[in-house]
Every structure is written in structure tokens, then in C-alpha cells.
Amino acid sequence: MAEQQIKVAVLGGGSFGTALASIAADNGAQVRQWMRDEVLVAQINQEHRNGRYLPHYAINPAVTASTDLQAVLEEAELVLIAIPSKAFRSVVQAAKPWLSASQILVSTTKGIEQDSFFLMSQVLEQETGFTHIGVIAGPNLASEIADKQLTATVIASADALTRTRVQQALGCRYFRVYASNDRHGVELGGALKNIYAIAAGMAAALGMGENTRSMLMTRALAEMSRFAVAQGANPMTFLGLAGVGDLIVTCSSSLSRNYRVGYAMGEGRSLEEAVSALGQVAEGVNTVKLVCAKAQEMGVYMPLAEGLYHVLFDGVPAKEMARTLMMGEQSSDVEFILPREAVQQAHQKNRGWHE
Ligand SMILES: NC(=O)C1=CN([C@@H]2O[C@H](COP(=O)(O)OP(=O)(O)OC[C@H]3O[C@@H](n4cnc5c(N)ncnc54)[C@H](O)[C@@H]3O)[C@@H](O)[C@H]2O)C=CC1
Ligand SMILES: O=C(CO)COP(=O)(O)O
């Protein structure tokens, strides 16, 4: 679909970086991928395979890998950054000498920075001061994309050039790219759903049914959009691929690392055991900590996230937490229609009937 060959740099040698590099190459781009591991670089360049993260996937030979940031970044028009949130800023800082204001910088990372509570595009903005900045998020399990299973993502940016170039560079017969200008909402959607994917994995391992999962996902969406609106995002974004789309896939699929962490804990493993068995990043573990602290600070009601926090970090059994949540205050279904406060007030007014 791309009209002329675009030069793309991908920072990150993990599963998503590798899948994105190959999409761009399938789409006719010249792609350079940066990673730290020289063995992996040699394997990608010689065998066109990433044995550590996507071992069964044939990478497009037009992707060349390198440990040299300068070589990867110079001449790149589009830079996709697929680095876990914990290391994101340090990688951007290392890349800075070879970044320029004419480049388009796009975060693909679904996480939040520890001390600042910054989303990754905010880190990009703060570190570079550039304007062509965007994020992508959506139902994008890397291994399914690697298999060329049909899916779509959202490029979110206030900058029209960023949106258009990413649509041109990545949109292809198995990957559609939709546009949004709610960067904050799209990025929050991607980060927040990881929390609920852990809870969904746990519920599945505990033998809870499809009604339960459906309730969990829907109430998760209510919580996510409540938090995002308090942060200045547009609630309608959560009806899109980066909201409900990504929530459905990560809460339903054992290919999701966050879901797998929850599932392992539901089977009785400790958080540490679950995370170390995974061997890859599950952003939700850190995100739930940060979001619960922020929600408390801002007075945002997030019972599911708080419940999960107590299960992960305070040793509360998941089944006990589920019972507590079920007996929590009766609330509003869609609070953008009937506010939660209206339901609470009606309860106070009509006290005594059930007691
Ligand atoms: N895997 C997936 O299905 C998807 C992942 N994402 C997001 O993409 C981000 C990256 O995830 P994956 O590629 O899946 O992770 P991964 O766990 O497969 O790989 C992480 C990569 O980052 C590298 N890395 C870690 N610390 C580094 C540092 N200090 N310097 C340089 N490189 C470092 C690792 O070596 C590895 O190559 C995450 O935030 C994730 O939420 C988004 C959509 C889909
Ligand atoms: O974001 C993802 C799919 O859209 C990947 O989820 P995990 O990080 O849980 O694997």
C-alpha cells in the first residue's frame, strides 16, 4: 500500500518489535531493528528468525538487525519504539543523539513510567520536544500478527502527518491501521487493559464461567474509562480498538502474557513464580500498582484494580476478593448515562427496606 519505500527503524528485539518490523517490511519498507543481544542480531540477519521471542516465525529478509543505534536510526523516517516501560526512557535517551525533529516517533509500549506516571509518548515528548509523536495500540498479540492473522490497530496522534505515515507504513492485507487524535485515551487503553487481563486469567484458572468473564470485562471497561476521563481522555475512545478491542483479546487469550500471569496465580503459583516462568514482560503487574496509587490520589473509584492489587501484593485469595467485590455497593451500569452518585443517593434516600 505504501507509495514509496519508507525507511523504518524499530527499537526493541522482543516479540512485538519483531512482528512490527516484519509488517513494515512486508509492506515494502526498508527496516532496521535495534536490539542489545548480538546473538539475536546474527540470528535475525542470517536465519531471519528471532529464536528468543518468536521462534516459529519467518521474518521478512528485508529486516536487518543491529546493536548499533546510530546505524539503525540515521535516515529513518519512522521510528517505532517497542521497549518495555521500565527501560523505555533510558533507550530513548541513548537514541537521542541520532533522533531529529523531522522523524516520526511512535511508541508501541503499553505501560506507565514508575515515578512520573508518564505514558511513553509523554516520555518521548519530554526527552525530544518533537511534534511528530504518536502511539499505537489495539488487539495486537504479537504471535498472531506474526502468523499474519487479520487484525487492526490504532495510530493516535494530534499530528496528522504522524497518523498518515503510520497508516501508509503499516497498513497491509492482514493489518489495518485506524486513526485517532486522542493519544492519551488510546495509550491509556493499552496500558490499563493489562490489569484486567491478569484478573481474567485468574478467574479462568479458578473455573469461573463465561458470564463472569463478560461481567469482568464490561466492568473493567467502566473502570478504565472512568480513570481515563479523570485523566483528560475522551471516553468514546474506549469503544474503539484500543479500548474494548484490546480488552477483549487480552482478557480472552492465553497468548497474552498478562492473562498468563493471572492464570498461573489462579492455579496456585506466587506472583514471583508466575512472572519468572513467563520470561517476558507483563506490564500489568507494575501498572496495577501505579494506577491504584494514582486513583487514590485522584479519588477515582476502581474496585477491580484495587481488588487485584490486594490479591497480587497482599496475599488476599482471589476467591475471597471476588466475594467481597460481588457484595460491594450496588452501582450504575453506564455511569455516563446514570451517574454513580445518583444511584448512591437513591439508596440513601430509600434506606431501611432491605435492612
Ligand atoms: N507482545 C505483544 O503481543 C505486544 C506487546 N506490546 C507492548 O510492547 C512492549 C514491548 O513488548 P514485547 O516486544 O512484547 O516485549 P518482550 O518481552 O517480547 O521483549 C522486550 C524487548 O525489550 C528489550 N529490552 C528490555 N530492556 C531493555 C533495555 N534496557 N534496553 C534495550 N532493550 C531492552 C528486551 O531485550 C526485548 O528485546 C510492551 O510494553 C508491550 O506491552 C504491545 C502490543 C502487543
Ligand atoms: O497488548 C497485547 C495485545 O494487544 C499483548 O498483551 P500482553 O502484553 O498481555 O501479551
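So, which domains does the shell around ligand 1 draw at least three residues from? Both domain 1 (7-181) and domain 2 (192-329) give at least three each. Keep in mind, folks, that this is a predicted model.

Okay, ligand 1 then. There are 26 residues around it, and the ones that come nearest are Gly14, Phe16, Ala87, Lys110 and Ala142. If you're looking at helices, check H1 (15-26) and H4 (85-95), since each of them puts at least two residues into that shell. H4 has the largest share, with four residues. As for chemistry, the ligand 1 shell splits into 11 nonpolar residues, 12 polar ones and three charged ones.

Now on to ligand 2. Who's around this one? Going along the chain, you've got Lys110, Pro139, Asn140, Leu141, Asn194, Ala197, Asp246, Val249, Thr250, Ser256, Arg257 and Asn258. Three helices give two or more residues here: H8 (183-205), H10 (241-252) and H11 (257-266). H10 takes the largest share of the ligand 2 shell, at three residues. By type, we're talking four nonpolar, five polar and three charged.

And where does ligand 2 lie relative to the two domains? Domain 1 (7-181) and domain 2 (192-329) both contribute residues to the shell, so ligand 2 lies between them.

One residue to click on before we stop: Lys110. Lys110 is among the residues that come nearest to ligand 1, and Lys110 also turns up in the surroundings of ligand 2. Okay, that's me done.

Methods
Residues numbered from 1 in each chain as written. Chains lettered and ligands numbered in written order. Predicted model: local features only at pLDDT ≥ 70, side-chain atom pairs only at ≥ 80, totals over all residues. Near = placed C-beta within 6 Å. Nonpolar A, V, L, I, M, F, W, Y, C, P; charged D, E, K, R; others polar. Domains from an automatic or database assignment.
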